[in-house]
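Me: I would be grateful for a close look at a single part of this model. Please set out the details in one connected account.

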Amino acid sequence: MAPPCLQVLAAAVALALALAAGGAGAFEFQEATVDAIQLGLRNGSLTSAALVRFYLDRIARLNPLLRAVIEVNPDAPAQAARADAERAASGGRCAAGLHGVPVLLKDNIATRDRLNTTAGSLALLGSVVRRDAGVAARLRRAGAVILGKANPSEWSNFRQVDPGWSARGGQTKNPYVLSVTPCGSSAGPGVAAAANMAAVTLGSETAGSIICPSVLNSVVGIKPTVGLTSRSGVIPITPRQDTIGPMCRTVSDAVHVLDAIVGYDELDAEATGAASKYIPRGGYRQFLRMDGLRGKRIGVLKGFFEQYEPEPRRVYEKHLSTMRHHGAILIKDLDLAVNWTDLVDQMGLLISAEFKLSLNAYLKDLLYSPVRSLAQVIAFNNAHPVQERLKDFGQADLIAAEKTSGIGAAERAALRRLNELSAGGLEKTVKEHRLDAVVVANNDISAVLAIGGYPGIAVPAGYSEEGVPFGIVFGGLRGYEPRLIEMAYAFEQATKVRRPPAFRH
């Protein structure tokens with residue numbers, strides 16, 4: 001006879017399976033939010049098992065067209081059944097947050113399971129990580145179901161490929177207009193979230209890789225302050241700029257994910273230790289405020305909206321008026337005073353050296369890998385020119401990085417210059433005008449947010465006549481997430497712009 005604890009668990013599993021078979025009919029899966037999912041899990045109209053089946057079916061049907069998912073997790077159904085059993089055994093008490101919610105991770109975020117972690121490169125196929133990435137471990141502790149890995153631009157676009165292309169995953173397509181770029185490098189997470197191929201997704205950004213695909217795929221993307229979320233176990237570009245954040249259909253969903261993944265990690269101790277002071281007591285959901293624009297001082301940068309065509313410019317002007325109507329104080333025509341050419345040049349010089357150092361350290365730490373250094377990655381690509389499309393894309397940036405020899409005088413000078421550009425640019429503008437945020441269109445200040453480790457939130461803002469999404473971005477200084485969430489949520493609720501994709505050709 002089985003021990004009593006096993007009898008209880010077996011009964012809970014049987015109940016979960018019965019609910020999965022017959023209780024999910026009334027639940028509306030399309031565009032389901034985390035809050036709606038948790039309500040369904042509590043009231044018995046939904047099970048995690050049914051939710052996973054729905055998303056796996058969506059992936060099976062849409063992925064041949066969209067190429068957003070690089071690999072599904074064979075253990076996802078079992079994880080969902082376990083979540084249902086835990087919920088049944090607890091009397092529903094654990095139906096909160098991300099418990100039982102399926103999450104897709106960008107394929108540079110390590111998981112210690114049967115999934116690969118490759119940054120889209122065939123060179124890392126079959127490699128074995130020591131442990132879950134810090135953010136993946138936090139998601140598991142929150143009870144989330146790891147649904148699979150989403151397709152990135154290969155090597156997070158450090159290798160200059162078409163946005164959303166990787167040798168493993170192929171070309172990710174924009175679900176709104178298939179011929180339009182999905183942007184990158186977190187193309188797969190953005191497309192998967194937009195097309196309802198997962199409840200929520202997780203991407204990474206070095207310079208624009210969450211913000212840009214969020215804008216172009218009409219989803220909400222949060223680029224957190226560098227160090228707010230751990231980068232341990234994430235295939236790196238540079239620890240100075242890399243950050244991990246949510247890409248979801250609503251601000252509320254993105255904040256649910258953010259609450260689950262922030263915090264100190266001893267394997268990324270310096271950055272997470274420094275940023276942990278920004279995490280508010282009680283988490284970030286308290287800042288989902290309908291009146292979040294009231295009293296906020298928002299800087300409108302000179303020349304940023306004016307560069308757009310008349311129709312999107314008209315929409316942006318309407319959105320600025322909406323912000324003002326909801327109590328925001330707009331300070332217009334601010335000059336960011338940034339030498340963009342200088343910024344891009346210095347950032348490129350420094351990142352090249354940082355990428356080699358960071359990637360080599362990551363590869364050497366793997367339990368098993370076909371390649372152990374950047375030099376071996378380059379050699380692998382040379383040996384597989386067709387699969388890695390060397391004729392189309394080359395690997396010039398990888399080769400340039402391999403030629404670097406650490407952080408020398410030129411790199412230290414570049415770092416000093418980037419710090420000067422941050423201090424004299426966004427920081428000076430925000431402090432002089434006592435701003436809560438600056439607001440821009442699309443991906444226009446991602447480089448500025450990148451070099452300072454600053455946060456930004458992208459929110460859907462509209463669609464062109466052809467149906468191509470565009471967005472609006474709230475950016476601020478390190479630790480400004482609470483006020484950015486307030487503004488982004490209030491704006492989203494006041495405008496309710498987002499609509500599901502139409503898959504136009």
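Which residue follows α2, and is its phi positive or negative? Please also describe how α2 is placed and what surrounds it.

Reply: The model is a predicted one. The residue that follows α2 is Gly 44, and its phi is positive, near 85 degrees.

The helix itself spans residues 34-43, and its buried residues are Val 34, Ile 37, Gln 38, Gly 40 and Leu 41. These residues lie on the same side of α2, because the arc they cover around the axis is only 160 degrees. The partners against which the buried residues of α2 pack are three helices, α3 (48-66), α4 (76-89) and α8 (251-261), together with the strand β6 (200-205).

Two of these partners can be followed further. The first to consider is α8, where 10 of the 11 residues are buried, so that this helix is largely enclosed by the rest of the structure. Its buried residues run from Val 251, Ser 252, Asp 253, Ala 254 and Val 255 through His 256, Val 257 and Leu 258 to Ala 260 and Ile 261. Just after α8 there is again a glycine with a positive phi: Gly 263, at about 135 degrees.

The other partner is β6, against which buried residues of α2 pack. The largest pocket has a volume of about 700 Å³, and β6 is among the elements that give two or more residues to its lining, along with α11 (340-365), α14 (396-402) and α16 (446-452). The lining comprises 32 residues, and those nearest the centre of the pocket are Asn 157, Gln 160, Ala 207, Met 347 and Ile 351. The largest share of the lining, 5 residues, is contributed by α11. Sorted by class, the lining holds 14 nonpolar, 14 polar and 4 charged residues.

As to the record, the unreviewed UniProt entry carries the annotation "domain: Amidase" for residues 51-484. Over residues 51-484, helix accounts for 39% of the chain and strand for 15%, and the end C-alpha atoms are 31 Å apart.

In summary, α2 turns one side, bearing its buried residues, towards α3, α4, β6 and α8, and Gly 44 with its positive phi comes after the helix.

Note on methods:
Residues are numbered from 1 along each chain as its sequence is written. This is a predicted model: local features need pLDDT of at least 70, side-chain atom pairs count only at pLDDT 80 or more; totals for chains, interfaces and linings use all residues. Side-chain values use heavy atoms; hydrogens and water are left out. Buried means under 20% relative accessible area, exposed over 50%, partly exposed in between (1.4 Å probe, protein chains only). Helices (H or I, at least four residues) and strands (E, at least two) are DSSP runs, numbered from the N terminus. The arc is that of the directions from the helix axis to the C-beta atoms. Contact means heavy atoms within 4.5 Å. UniProt positions are given in the numbering used here, feature names are shortened, and annotations may be inferred rather than shown by experiment. On a 1 Å grid over the protein atoms alone, a cavity is a set of points where a 1.4 Å probe fits but cannot get out, and a pocket is an open set with protein on both sides within 12 Å along at least five of seven lines; lining residues have an atom within 4 Å of a point. Grid points are joined across faces, edges and corners, and a volume is the space filled by probe spheres set on the points. Ala, Val, Leu, Ile, Met, Phe, Trp, Tyr, Cys and Pro count as nonpolar, Asp, Glu, Lys and Arg as charged, and the others, Gly among them, as polar.
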